[in-house]
Amino acid sequence: MAGKLAVVVLAAGKGTRMKSSLPKVLHPLGGRSLVECVLDSLTDVDPTHRLVVVGYEADQVRTALAHLTDVTFVEQTEQLGTGHAVQQVLPHLQDFEGDLLVLNGDVPLLRPATLRQLLEVHQTRQNEATLLTAQFLDPTGYGRVFCNDDDVVTEIIEHRDCTEAQRQNRRINAGVYCFKWSALSKILPALKADNDQQEYYLTDVVKDMTPVMAVDVDDAQEIQGINNRKQLAEAYSILQDRIKDEWMAAGVTFLEPDTSTVDITVQIESDVIIEPQTHLRGNTVIGSGCRIGPGSLIENSVIGSNATILYSTLSDSQVGDGVRVGPYAHLRGQAVVGDNCRIGNFVEIKKSTLGDRVNVAHLSYLGDATLGNQVNVGAGTITANYDGVKKHPTVIGDRTKTGSNSVLVAPVTLGADVTVGAGSVVTKDVADDSLVVARAKQSTIPGWRSQRYAQSDDA
Ligand code: UD1
Ligand code: CA
């Protein structure tokens with residue numbers, strides 16, 4: 001791309017219309033915050049500077065973006081409007097020569113290709129400013145863009161400053177602009193807050209620039225801004241359609257796509273079947289050939305190939321190849337399950353590592369446990385890992401079998417090839433190859449019922 005490019009994202013506003021204690025640009029949309037979505041739309045352009053203007057709850061925004069090391073934060077201590085926000089970058093771009101791309105922090109659905117095309121038009125036409133526009137059926141709330149016949153912009157007027165006649169113009173300003181920096185930097189300091197909100201509007205600069213060109217986007221959904229929760233929900237649904245369409249094109253089946261959601265951060269290999277009402281979130285990876293759902297929630301988890309997960313919840317966990325999970329299992333907090341295991345009904349696994357071919361088929365809790373290979377955890381086996389103050393580990397060796405309803409009181413180690421009798425409460429370590437039974441011996445009194453009835457009056 002010819003010429004240098006700097007980018008500034010405006011993210012200092014409170015977002016009053018969201019009615020939220022969270023700054024608007026940090027509201028999540030499919031696994032990322034709004035402002036992260038905006039920054040991610042820069043993948044096709046190659047800026048030398050990435051500036052983010054922060055103000056309202058600036059520290060929160062900085063912290064949320066701390067992982068983006070190439071971003072420079074610019075403080076706008078008072079939020080006096082979008083023009084005032086861009087004024088704050090002046091000291092940071094003093095010697096900069098090239099174009100400045102300005103993006104509102106609340107326009108999260110922009111496609112990288114759209115920004116690339118905007119820059120191409122801007123540079124080939126040698127405009128002083130080029131901005132994205134669209135014809136909206138309902139332009140309420142947006143700034144209206146007034147042009148002469150050749151898409152040359154004469155003026156942008158905010159909805160609230162428009163006359164009734166001007167409001168009939170459906171061509172809206174997307175809040176995405178490319179400016180020739182040498183021209184903009186001269187005009188910016190002279191902006192006036194001469195409008196209904198008494199704010200410094202960035203949009204006012206177009207009156208003093210020439211030529212300024214409007215470029216209609218092909219897909220008006222891309223430039224939908226987020227000012228309230230309803231628009232946030234609409235944007236989410238647009239994003240979901242995009243994400244699922246892409247995965248379907250890549251060889252993933254969704255049985256009822258409208259009932260499932262997938263974060264942008266999720267990876268799905270081919271020939272996966274996503275059953276209805278399944279939600280994949282965060283940094284989740286689903287291996288090839290898996291069948292996920294119905295009714296499952298998988299968050300920040302890695303699933304091997306050919307696994308099935310039925311009506312279950314997994315978070316921050318890992319599951320090997322060929323594992324069957326559910327129905328109604330809960331894996332969380334670094335549960336790591338080896339290959340070909342079976343995790344059955346009403347089983348909870350927390351911060352535990354299981355080897356290969358382990359069965360935990362019914363009604364168990366494993367917490368802070370390490371299991372070898374081919375362990376069979378009997379129905380209702382519980383690790384008592386918490387003494388009220390600290391969590392303690394349980395270790396179970398290869399091929400060990402725990403009887404139904406056993407309680408393993410941690411810290412405790414069972415060796416390999418151990419058999420635990422049903423109903424045992426195991427409090428001491430058990431060596432390899434042992435049978436352990438830790439429960440009261442059964443005592444049987446023959447004929448007890450008939451003796452008792454013989455003594456009673458009404459027998
Ligand atoms: C703005 C445009 C409007 C356009 C719309 C598109 C202006 C004057 N109006 O209106 O023409 O149709 O976007 O979505 O620019 N911000 C700051 N500092 C401030 C004020 C705002 O950083 O002092 C940031 C906000 O965090 C937000 C962005 O700028 O990310 C836009 O601000 P917002 O108040 O939402 O502008 P709109 O009224 O939507
Ligand atoms: Ca807005």
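Below is a short chat about ligand 1, the pocket that holds it and some backbone details in a predicted model.

Q: Before the details, what are the ground rules here?
A: This is a predicted model, where local features need pLDDT of at least 70 and side-chain atom pairs count only at pLDDT 80 or more, while totals for chains, interfaces and linings use all residues. Residues are numbered from 1 along each chain as written, chains are lettered from A and ligands numbered from 1 in written order, and side-chain values use heavy atoms, without hydrogens and water.

Q: OK, which residues come nearest to ligand 1?
A: Gln76, Gly81, Thr82, Glu158 and Asn173, out of 24 residues around the ligand. A residue counts as near if one of its heavy atoms lies within 4 Å.

Q: Where are the polar contacts to side chains?
A: Gln76 has a side-chain N or O atom 2.7 Å from a nitrogen atom of ligand 1. For Asp106, a side-chain N or O atom is 3.1 Å from an oxygen atom of the ligand, and for Asn227 the distance to a ligand oxygen is 3.4 Å. The cut-off for such a pair of N or O atoms is 3.5 Å.

Q: And how much of the ligand's area does the protein cover?
A: On its own, ligand 1 has 760 Å² of accessible area (Shrake-Rupley, 1.4 Å probe), and the protein covers 92% of that.

Q: Which elements make up the shell?
A: β1 (5-11), α3 (82-87) and β10 (171-180) give two or more residues each. β10 gives the most, with three. Elements are DSSP runs, with helices (H or I) of at least four residues and strands (E) of at least two.

Q: What's the class split of that shell?
A: Nine nonpolar, eleven polar and four charged residues. Gly counts as polar in this scheme, and the charged class is Asp, Glu, Lys and Arg.

Q: Switching to the pocket, which one does ligand 1 take?
A: The space taken by ligand 1 is the largest pocket. A pocket is an open set of points on a 1 Å grid over the protein atoms alone, with protein on both sides within 12 Å along at least five of seven lines, and lining residues have an atom within 4 Å of a point.

Q: How much space is in there, and what lines it?
A: About 1,000 Å³. The lining has 35 residues, and Arg17, Lys24, Thr82, Asp106 and Asn227 lie nearest the centre. β10 supplies the largest share, four residues.

Q: Now the backbone: where are the cis peptide bonds?
A: One runs from Thr210 to Pro211, with omega near -5°; Pro211 is in the loop between α6 (181-187) and β11 (212-216). Another joins Gly293 and Pro294, with omega about 0°, and Pro294 is in the loop between β18 (291-292) and β19 (296-299).

Q: What about phi at Asp316?
A: Positive, about 50°, although Asp316 is not a glycine. Asp316 lies in the loop between β22 (313-315) and β23 (318-319).

Methods: Polar contact = N/O pair within 3.5 Å; in protein donor to acceptor, adjacent residues only side chain to side chain. 1 Å grid on protein atoms, 1.4 Å probe; cavity = no way out; pocket = protein on both sides within 12 Å on 5 of 7 lines; lining within 4 Å. Sits in = over half its atoms within 2 Å of the grid points. Points joined across faces, edges and corners; volume = space filled by probe spheres on them.
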